[in-house]
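Subject: Structure for your review

Hello,

Here is the structure you will be working with. Please open it before reading the notes underneath.

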Amino acid sequence: MTLSANPNQAAAPLPGPGEASALEKRVRNALTQRHHAGSAPILLMAHLVLGYPSLDENRRVIDAMVANGVDLIELQIPFSEPIADGPVIAMANQAALDRGFRVAEGLGFLGEVVRQHPIPFLLMTYFNILHAHGVEAFIRETKVLGGDGLIVPDLPLEEAGPARTLCQDVGVDWIQLMTPTTPEARLAAIGAAARGFCYCVARKGVTGRQTEFDNTIDGFLDRCRSVTGVPLALGFGVKSAKDVQNLVGKADIAVVGTAAMEVHRTGGVFAVGRFFADLRT
Amino acid sequence: MSQGYHGAFGGAFIPEILHETFRRLTVAYETARADPAFWASYLQLMENYSGRPTPLTLADNLSREFGGRRVYIKREDLNQTGAHKANNVMGQGLLVKRMGKRRVIAETGAGQHGVATATMAARMGLECVIYMGAEDVERQRPNVFWMEQLGARVVPVTSGSRTLKDAINEALRDWVGSMDDTHYLLGTACGAHPFPEMVAWFQSIIGEEARRQILTQAGTLPTHVYACVGGGSNALGIFQAFLNDPDVALVGVEAGGEGLASGRHAARLAGDGVVGVAHGYKTFFLQNADGQMRDTHSVAAGLDYVGVSPILAHLHAQGRVRFAAATDSEVVSALKHLMRAEGIIPALESSHAVAQALKELPELPADAVVIINLSGRGDKDIFTVADALDDPGWRHFIRSKAENYARRDEHNQIFQGKESGQ
Ligand SMILES: Cc1ncc(COP(=O)(O)O)c(C=O)c1O
């Protein structure tokens, strides 16, 4: 019963600040373009669960999102144990799996949408999906297919070593999460390792619950900003134009997941498009 | 830095938001572990409340039946609430008090861990919420009844496969939002660090006692120790005391369900588990090629889990513990066998250990000294066992009970109808 260090730990030097990644440059360019076009200097990132309700419907939703001003899209590969997701997204994961969703399809889908739309696409999933596929193969395929980054919420800094190094070598950004409970020293370590952008979690709790957009969020974003030079995305509970407006000048990207899924469920594809268009006004 | 590895298994694959909570729990656990007064208060509580030390019973009749090979039974069934689960919940309960939290949440499959947690919460004055797969809520009504009577709120989980693994996910989701005043009281030696180690520590009380008792009663160490393995807490509890005795064979018995070939089982180490990461830790899981967790099956709800303790996975990799699987039908015959031979009613979970011992006993050396860890008592399984034995008297009883309820409901409806003037 001895405690030993993580055997994967050895090969994990923290990447230095270095040059901005391709994703970071794309984010900064998009921000500049928004600015020149006279709209608020904040980007919208949408989240969707692949295979829910179907890949066909995912295609239509993505068309509507891009046409209505979504700047980045996070594609979730369903997993049977989505511990960091709230009820709506967890249910969508299971529904997609019940319909026979396979990981290979999800990767194929990434390749397809990257060819069709000029915006950055990221894959979001849980670590076992990478592990079962082969971590290196998964990361290489993400790159070859044109994915810009990976978000893996159950792989904290301590466990992410080899995967992060591989991402760095291959040129896919490992997106780090920062949370209000992350202590200063740890926040600094995450900030130093960050590539592309940082995903800031607005509050304690899983996705899909109410978030109060008050000045505790401002303070949290200030703390995040002070430890990293990469852009900041803020997610969990963003659902209205007012929420987005509140984030202008504080975050660079507003992440919208559950709210858009609910709009889709009740109003269909057209409603999703309108929802995103309205978020910008 | 990264802690909690047992060889290649374990770790803490947790959402960032919980990192600080796990760090504080680890510190609380390590401080308690280094404090002899904590263990002393734990021993005292277990003596005065749970009935420890539990006996080590020489099974006379079984011993005669197997040609004088000595069979001993470690009686965890005699604990408060009828299983070894009491050891873990009481230990974590004391830790919760030390940490100053006021609420506990737990996951439960069969309901045993839920009942144990609700009992502890009642005794220690903590608010208690139990997450349980909706499917299991249907199957395990008696345990739901007791949890509610003890003052706990039982939340049926309708996501995923509506069973134990989904209850674990739901409890984690609760914790992500409630960690300031809430402790997640995990029921077995699984999950992210420090849970496997901490639960194994509280359960080590089983092996400490058993080792002393066998030396006193048999004058020798056992040659074989058998324990059933769901998450692995009762097995680790007894095995730990013998890890450094290379001549003691340690045998973990998983749920063979309808047979390994059927695919309907929960044998991760003796069956076709594959290394992966879920529920916060790295171990052998029953999963498909994409890494999605499979549905598991066992007649014993408490063994019906996709993962297994990372500490046991490591002991398996090292060859220190041998793993076997007993099928549902072997388990039911073993249960009958033990009841008739010794007047002890084992839980279906524990009957897995009994089944494997009965299978191996005829082949063991004539001077074998065997300990079977009887993790829990079987009265909770009366519905399942009566079904498996197809007992006509029981069927008749349930039918007449149901008819009684139906008549009463009908009567009440008519009565209420009259009251409201319909
Ligand atoms: C009586 C009994 N034995 C064994 C188990 C399996 O758990 P573990 O392997 O952690 O001992 C359970 C779980 O509910 C149980 O109720």
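The notes below take chain A and then chain B.

Please keep in mind that this is a predicted model.

Chain A

The main item here is an open sheet of 9 strands with parallel pairing. Its strand order in chain A is β5-β4-β3-β2-β1-β9-β8-β7-β6. At the edges are β5 (173–174) and β6 (176–178) of chain A, each of which pairs on one side only.

Within this sheet, β2 (residues 72–76) and β3 (residues 121–124) of chain A are joined in the parallel sense over 4 bridges. One residue pair can be looked up directly: A:Ile73 has A:Phe121 in β3(A) as its bridge partner. In general, strands of a sheet pair through backbone hydrogen bonds, in either a parallel or an antiparallel way.

Two helices can be placed against the strands. Helix α2 (residues 55–67) of chain A packs on the sheet and touches β1 (43–49), β2 and β3 of chain A. The direction of α2 makes about 175° with that of β1(A). Helix α9 (residues 215–227) of chain A lies across β6, β7 (198–201) and β8 (232–235) of chain A. The angle between α9 and β8(A) is about 150°.

Chain B

Strand β5 (residues 103–108) of chain B is mostly covered, with 6 of its 6 residues buried. In a regular strand, side chains alternate between the two faces of the sheet. On one side of β5(B) are B:Arg103, B:Ile105 and B:Glu107, and on the other are B:Val104, B:Ala106 and B:Thr108; both faces are covered. The neighbouring entry is strand β6 (residues 127–133) of chain B, which pairs with β5(B) in the parallel sense over 6 bridges. In that pairing B:Arg103 stands opposite B:Glu127 of β6(B).

On the surface, B:Phe145, B:Trp146 and B:Leu150 form a nonpolar patch, with about 300 Å² of accessible area together. B:Phe145 belongs to helix α7 (residues 141–149) of chain B. B:Phe145 counts as partly exposed because its relative accessibility is 40%, and that class runs between the 20% limit for buried and the 50% limit for exposed.

Last, B:Gly67 is in the loop between α3 (60–65) and β4 (70–75) of chain B. Its relative accessible area is 61%, so B:Gly67 is exposed. B:Gly67 and B:Ala366 are 299 residues apart in sequence, while their C-alpha atoms are 7.2 Å apart in space.

Regards

Technical notes:
Residues numbered from 1 in each chain as written. Chains lettered and ligands numbered in written order. Predicted model: local features only at pLDDT ≥ 70, side-chain atom pairs only at ≥ 80, totals over all residues. Heavy atoms only, no water. Pairing = 2+ DSSP bridges. Contact = heavy atoms within 4.5 Å. Axes fitted to C-alpha atoms, helices over the stretch in contact; angles between N-to-C directions. Patch = residues over 30% accessible without salt bridge, like charges linked within 9 Å, V, L, I, M, F, W, Y side chains within 5 Å. Areas by Shrake-Rupley, 256 points an atom, 1.4 Å probe, with all protein chains shown as cover. Salt bridge = Lys/Arg side-chain N within 4 Å of Asp/Glu carboxyl O. Buried < 20%, exposed > 50% of the residue type's maximum accessible area, 1.4 Å probe, protein only.
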